[in-house]
Number of protein chains: 2
Amino acid sequence: MKYLLNGKLTARPGHQDALAEILLEASKLVASARGCHLYVIGKEKNDSQSVYVTEIWDSKEDHDNSLKVAGVRELITQAMPLLDGPPAKGQELEIIGGVGV
Amino acid sequence: MKYLLNGKLTARPGHQDALAEILLEASKLVASARGCHLYVIGKEKNDSQSVYVTEIWDSKEDHDNSLKVAGVRELITQAMPLLDGPPAKGQELEIIGGVGV
């Protein structure tokens with residue numbers, strides 16, 4: 001069953017765009033990682049601090065391995081000081097079916 | 001900017017699978033709708049009532065129009081009595097970028 005992760009990161013005021021840029025860089029790195037189907041970065045209208053990442057992988061294991069892709073650890077290190085507190089645990093879903101992946 | 005919708009529906013006890021089946025039918029109907037990139041149905045481990053729908057469309061307008069696709073209204077009508085209360089408003093995101101859509 002494919003694995004979906006909804007993550008939310010909250011940037012310190014004024015750092016939303018910088019945080020989003022780092023995540024866009026991360027998406028390029030993991031695009032060719034094993035089992036990656038979706039890695040999109042979003043934001044909510046009228047929210048100037050939160051950045052959302054929605055990911056779909058063949059498995060949780062493939063997701064976890066993506067953290068070891070060359071360069072990803074460095075991007076996480078860049079992102080950490082921009083965060084307004086520790087990242088919340090993402091919402092994990094098992095995909096039953098549907099279209100687009 | 002592409003439009004992402006995270007929806008959550010809660011089935012009455014014992015009706016999660018039936019609700020998911022209806023949503024899987026809906027995904028087939030909207031698969032070829034204008035602007036549809038993703039429509040997946042998921043559930044959380046250890047949650048026997050909730051069903052999640054994650055959708056990505058070219059625009060909110062395309063999403064809204066999908067409710068008019070032939071057969072979709074009938075599926076909504078079938079789903080309503082399975083729900084444990086009215087559906088919560090979904091979380092709407094503007095996609096900044098990423099991969100997979």
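## Exercises on a predicted two-chain model

In chain B, β1(B) and β4(B) pair in the antiparallel sense over four bridges, where strands are DSSP runs (E, at least two residues) numbered from the N terminus and two strands pair if DSSP finds at least two bridges between them. This is a predicted model, in which local features need pLDDT of at least 70 and side-chain atom pairs count only at pLDDT 80 or more, while totals for chains, interfaces and linings use all residues. Residues are numbered from 1 along each chain as its sequence is written, chains are lettered from A in the order in which they are written, and side-chain values use heavy atoms, with hydrogens and water left out.

**Exercise 1.** Place β1(B) among its partner strands and state its burial.

*Solution.* Begin with the pairing to β4(B), in which B:Tyr3 stands opposite B:Glu94. Next, turn to β3(B), with which β1(B) pairs in the antiparallel sense over eight bridges; here B:Thr10 stands opposite B:Ser50. Finally, count the covered positions: six of the eight residues of β1(B) are buried, that is, under 20% relative accessible area with a 1.4 Å probe, protein chains only.

**Exercise 2.** Which strand of chain B pairs with β4 of chain A?

*Solution.* Strand β4 of chain A, residues 91-99, pairs with β2(B) in the antiparallel sense over five bridges, and within this pairing A:Val99 has B:Tyr39 as its bridge partner. Inside chain A, β4(A) also pairs with β1 (residues 2-10), in the antiparallel sense and over five bridges, with A:Lys2 bridged to A:Ile95.

**Exercise 3.** Describe the interface of chain B and chain A by its extent, its polar character and its composition.

*Solution.* First, take the extent: the contact (heavy atoms within 4.5 Å) draws 29 residues from each of chain B and chain A. The two chains bury about 2500 Å² between them, 65% of it on carbon and sulfur atoms, buried area being the accessible area (1.4 Å probe) that two parts lose on being put together, summed over both. On the side of chain B, the residues that lose the most area to chain A are B:Glu94, B:Ile96 and B:Val99, together 24% of what that side buries.

Second, test for charge pairing: zero salt bridges are found across the interface, the rule being a side-chain nitrogen of Lys or Arg within 4 Å of a carboxyl oxygen of Asp or Glu.

Third, locate the elements: β4(B) gives the largest share of the side of chain B that touches chain A, nine residues.

How values were computed:
Buried means under 20% relative accessible area, exposed over 50%, partly exposed in between (1.4 Å probe, protein chains only).
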